[in-house]
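Hi,

Here is the structure I promised to pass on. Have a look at it first, and then read my notes below.

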Amino acid sequence: MGDRLMAEQWNLEQLRTFLRVAELRSFSAVAREQHKAQSAISSAIALLETDLGVTLFERSSGRQPKLTENGSALLEDARELLRQCERLDGRALALMRGQEALLRVAQDEAMPYQPVIDSLDELASRYPFLEVQLASGAQGDVARKLVERRADLGLFFLHESIPASLERRALGSVEMVTVCAVGHPLAGEGRVTRQQLARHRQLLITPQQSGYPGGEAISPQVWRADSFYAMAELLMRGLGWAWLPRHVVQYPTYQAHMVELDSDWRPPALVAELAWRRDEPLGPAAQWLAERFAVHLRAIG
């Protein structure tokens, strides 16, 4: 028990000194940097070595201090411990200022990728100590996560079955286009009519009763999927034509395998919405992120 108590006497300031000596490879340089006597730096390292029970530096007269094998083994642990302390201080300061400690964001997997990532990139700079959890899902998953309190902020496309308990805000729109595979019979047509489209299998987003934009069946033969990306995979194999968001069609994996059709009708644009629970007002980081989502989504609309 006595040895364990003695080993716990080291402090964070000694760890910081340990890191700086290892980085600068000089007791005197660290002393100048910290405006201390060199003997104070040497003493701090010696006390740390005593508390840890290992020698951290090799000391030879006239030579720079060199990490021992034990010193090298402990260096990254010390560095990570100090990082954790910085995170603790930062999150405590954020909480004192009223900022959330954690922000859980759920998004429809078909949401345009670049606006979301750009917004989160800016969030990281603005709120460096905020913990973020990002979840993606097919249609309906985002609203469900919000209702079940498994997400704080949701990004999805407007449809009629959104729960009444959610607050919503329109952010921007995404164009829908009519497409088929390059080998599909419709691919060779200049302009296709509604009647021509009806002669071929149609791929639709599901569920049918959701009121999701682009959910109208105009062909007697319909296949449904709960993901635009799943629809794109089916479409590439010539299994039908579909209405897809333009950014999905432009995805590099699909672009060379799809043909955009000039048709006499297509669905209105998908309206991207932000949602949150009405009984849980957004914190400052979530409000700030909402504004960045709006800016980036309007830019592509």
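Let me start with one residue: Glu233 has a relative accessibility of 30%, so it counts as partly exposed (buried is under 20% relative accessible area, exposed is over 50%, and partly exposed is in between, using a 1.4 Å probe and protein chains only). Its salt-bridge partner is Arg237, with N and O 3.2 Å apart. By salt bridge I mean a side-chain nitrogen of Lys or Arg within 4 Å of a carboxyl oxygen of Asp or Glu. Arg237 itself reaches 58% relative accessibility, so this one is exposed.

Two words on the ground rules. This is a predicted model, so local features need pLDDT of at least 70 and side-chain atom pairs count only at pLDDT 80 or more, while totals for chains, interfaces and linings use all residues. Residues are numbered from 1 along each chain as its sequence is written, and side-chain values use heavy atoms, with hydrogens and water left out.

**The chain overall**

The protein chain has 301 residues, and 42% of them are buried. Its secondary structure comes to 12 helices and 13 strands; these are DSSP runs numbered from the N terminus, with at least four residues for a helix (H or I) and at least two for a strand (E). Take the contacts (heavy atoms within 4.5 Å) between residues at least 6 apart in sequence: 67% of them join residues at least 24 apart. The accessible surface is about 15,900 Å², and carbon and sulfur atoms account for 50% of that. That area comes from the Shrake-Rupley method with a 1.4 Å probe, and for residues only the protein chains shown count as cover.

**Salt bridges**

How many salt bridges does the structure hold? The count is 20. Seven names to look up together are Arg20, Glu23, Glu33, Glu76, Arg79, Glu80 and Arg83, which salt bridges with shared partners join into one network.

Another bridge runs between Arg194 and Glu216, whose closest N and O atoms are 2.6 Å apart. This pair links distant parts of the chain, 22 residues apart: Arg194 is in helix H8 (residues 194-198), and Glu216 is in the loop between strand E9 (202-205) and strand E10 (222-225). Both ends are partly exposed, Arg194 at 30% and Glu216 at 35%.

Then there is Arg59 with Glu49, at 3.0 Å from N to O. They sit 10 residues apart, with Glu49 in helix H4 (residues 38-52) and Arg59 in the loop between strand E1 (57-58) and strand E2 (66-67). Is Glu49 buried or exposed? With a relative accessible area of 11%, Glu49 is buried, whereas Arg59 is partly exposed at 43%. Leaving aside residues up to four places away in sequence, Glu49 touches Val54, Thr55, Leu56, Phe57 and Arg59.

**Aromatic rings**

Phe57 leads on to the ring pairs. The whole structure has 7 aromatic pairs. Rings of Phe, Tyr and Trp (its six-membered ring) pair if their centres lie within 6.5 Å; planes under 30 degrees apart are stacked, over 60 edge-to-face, and the rest tilted. One of the pairs is Phe18 with Phe57, edge-to-face at 5.8 Å between centres and 75° between planes. Phe18 is in helix H2 (residues 12-24) and Phe57 in strand E1, 39 residues apart. Both are buried, with Phe18 at 1% and Phe57 at 2%.

Phe57 also pairs with Phe27: the centres are 6.0 Å apart and the planes at 70°, so this pair is edge-to-face. Phe27 lies in helix H3 (residues 27-34), 30 residues from Phe57, and Phe27 is buried too. Ring pairs thus link Phe18, Phe27 and Phe57 into a cluster.

Elsewhere, Arg201 lies over the face of Trp223, 4.3 Å from the ring centre. The test for that is CZ of Arg or NZ of Lys within 6 Å of the ring centre and within 35 degrees of the ring normal.

**A sheet to look at**

Six strands make an open sheet with mixed pairing, in the order E8-E12-E7-E11-E9-E10. Two strands pair if DSSP finds at least two bridges between them. Strand E8 (191-192) and E10 are the edges, each pairing on one side only. Inside the sheet order, E9 and strand E11 (residues 241-245) pair in the parallel sense over 2 bridges. For Leu203, the bridge partner in E11 is Ala242.

Happy browsing!
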